[in-house]
Amino acid sequence: MTVASRARTAIRQIEVGAYTVPTDEPESDGTLEWDSTTIVVVQCRAGDEVGLGYTYGDVSTARLVDSVLADVALDRDALAVTAAWDAMTVRLRNAGRPGIGSMALAAVDIALWDLKARLLELPLAALLDARHAAVPVYGSGGFTSYTNERLAEQLAGWVAEGIPRVKMKLGRRPEDDPARLDAAREAIGPETELFVDANGAYGRKQALAWAERLRAEWDVTWLEEPVSSNDLEGLRLVRDRAPAGLEVAAGEYGYRLADFRGLLAAEAVDCLQADVTRCGGITGLLAVGALADAHELDVSGHTAPAVSAHAFAALRRTRHLEYFHDHVRIESLLFDGTLVPEDGALRPDPSRPGLGIELKQADAEPFRTYG
């Protein structure tokens with residue numbers, strides 16, 4: 001882009017839509033059940049380019065973009081993304097920054113970064129000065145609603161695709177979990193890493209007991225949210241007393257930098273998680289990555305692989321990212337250009353500007369619930 005073309009970079013249009021996609025079968029984890037997932041898609045236009053961003057959340061997130069954030073971003077310089085982010089965070093003060101406020105902010109911020117990269121004719125990972133050409137992934141699903149046969153089929157499928165680590169849910173019916181873990185370990189073999197996610201289903205003592213069993217009986221190496229993420233003392237307790245080789249992780253519900261600072265100050269996790277579609281988008285994630293770097297702790301990306309592959313390629317201490325069944329399915333359904341793992345990793349396409357994805361309008365329309 002030349003200096004003469006700078007006048008054409010003003011953001012002229014912001015559109016938001018929500019699309020609710022039924023799951024392919026009922027799903028549940030340790031604390032929640034669902035049968036559909038809603039994605040909120042934001043598109044920002046400047047000149048002849050359109051940037052795309054998104055988050056996963058209630059349709060009210062889309063309404064918040066329209067009612068609070070769109071006017072803040074309109075007419076701003078499309079190349080000055082962080083200035084727009086600062087202005088939007090100020091506007092969210094009374095509306096509420098955590099929760100859907102931060103998710104709405106994330107969707108717009110991601111769209112603006114995608115737009116900037118397209119205007120500059122760069123892949124987003126390149127614009128962010130990526131430190132990694134590829135980001136390792138782990139296959140994630142293994143819902144507690146699955147039969148043991150379906151669980152085994154899904155986990156083994158990821159291993160067959162070359163993904164060397166997989167994650168399953170547990171904690172809804174603890175009495176059923178030993179048989180489920182047996183089925184999982186048998187399906188993936190002894191070499192594949194097995195991760196588990198309790199989604200905060202356990203109390204502290206229950207989590208400690210399960211930590212011992214998970215490591216000793218099924219060679220589990222990753223225990224996610226053994227207790228609620230709000231229980232920082234409980235997370236620290238499990239982390240301190242967990243057997244060697246079992247890491248405790250949390251952070252997917254971090255919305256503000258203060259949320260991650262709290263986890264780190266409490267020494268509550270071995271690996272910090274972050275969700276780029278919840279923590280304020282690319283701009284928010286870069287701050288989280290710097291904070292983790294200062295604490296010499298790795299960061300794992302939570303879901304949303306189409307944007308996470310670019311975003312987490314830019315963090316120095318990226319460990320891996322979650323290749324989540326629901327989001328992989330929705331993004332493949334609604335977007336052209338989604339990435340597919342190669343040798344257990346996602347590689348941003350250097351030949352495609354921005355995120356490299358486009359909304360398939362005709363395919364998305366039947367699922368529209370807003371906009």
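These legends go with close-up views of pockets, a cavity and helix pairs in a predicted model.

**View 1. The largest pocket, with Leu32, Trp34, Tyr253, Arg278 and Phe324 nearest its centre.**
This pocket holds about 550 Å³ of space. Its lining runs to 28 residues. Four elements each put in two or more of them: β2 (33–46), β5 (165–169), β11 (318–324) and α12 (325–334). Of the contributors, β2 gives the most, with four residues. As for chemistry, the lining splits into five nonpolar, twelve polar and eleven charged residues.

**View 2. The second largest pocket, where Tyr253 turns up again among the residues nearest the centre.**
Here the space comes to about 250 Å³. The lining counts 14 residues, and Ser229, Asn230, Gly254 and Asp259 join Tyr253 in lying nearest the centre. Helix α9 (residues 257–265) is the biggest giver, supplying four residues to the lining. Sorted by class, the lining has six nonpolar, six polar and two charged residues.

**View 3. The one cavity of 30 Å³ or more in the structure.**
What sits around it? The walls come from His310, Gly337, Leu339, Asp349, Arg352, Gly354, Leu355 and Gly356. The volume of this largest cavity is about 30 Å³. Its lining residues sort into two nonpolar, four polar and two charged.

**View 4. Helices α2 and α3, packed with their axes 10 Å apart.**
Helix α2 covers residues 81–91, helix α3 covers residues 100–119, and the angle between them is about 165 degrees. Angles over 145 degrees count as roughly antiparallel, so α2 is roughly antiparallel to α3. The pair crosses in a right-handed way. On the α2 side, the contact uses Val81, Thr82, Ala84, Trp85, Met88 and Thr89. Facing them from α3 are Leu105, Val108, Asp109, Leu112, Trp113 and Lys116. Taken by class, the contact comprises eight nonpolar, two polar and two charged residues.

**View 5. Helices α5 and α6, whose axes come within 8 Å.**
Helix α5 (residues 148–160) and helix α6 (residues 177–188) cross at roughly 30 degrees. The crossing is right-handed. From α5, the residues in contact are Asn148, Leu151, Ala152, Leu155, Ala156 and Val159. From α6 they are Ala179, Arg180, Ala183, Ala184, Ala187 and Ile188. That gives ten nonpolar residues in the contact, plus one polar and one charged.

**View 6. Helices α7 and α8, side by side at an angle of about 25 degrees.**
Helix α7 spans residues 204–218, helix α8 spans residues 232–241, and their axes are 10 Å apart. Why call the pair roughly parallel? Angles under 35 degrees count as roughly parallel, and therefore α7 and α8 fit that label. Their crossing is right-handed. Arg204, Ala207, Leu208 and Glu212 make the contact from α7, while Glu233, Gly234, Leu237, Val238 and Arg241 do so from α8. The contact has four nonpolar, one polar and four charged residues.

Conventions:
Residues numbered from 1 in each chain as written. Predicted model: local features only at pLDDT ≥ 70, side-chain atom pairs only at ≥ 80, totals over all residues. Heavy atoms only, no water. 1 Å grid on protein atoms, 1.4 Å probe; cavity = no way out; pocket = protein on both sides within 12 Å on 5 of 7 lines; lining within 4 Å. Points joined across faces, edges and corners; volume = space filled by probe spheres on them. Nonpolar A, V, L, I, M, F, W, Y, C, P; charged D, E, K, R; others polar. Axes fitted to C-alpha atoms, helices over the stretch in contact; angles between N-to-C directions. Parallel < 35°, antiparallel > 145°, perpendicular 65-115°, else oblique. Left-handed = near helix turned anticlockwise from the far one by under 90°. Contact = heavy atoms within 4.5 Å.
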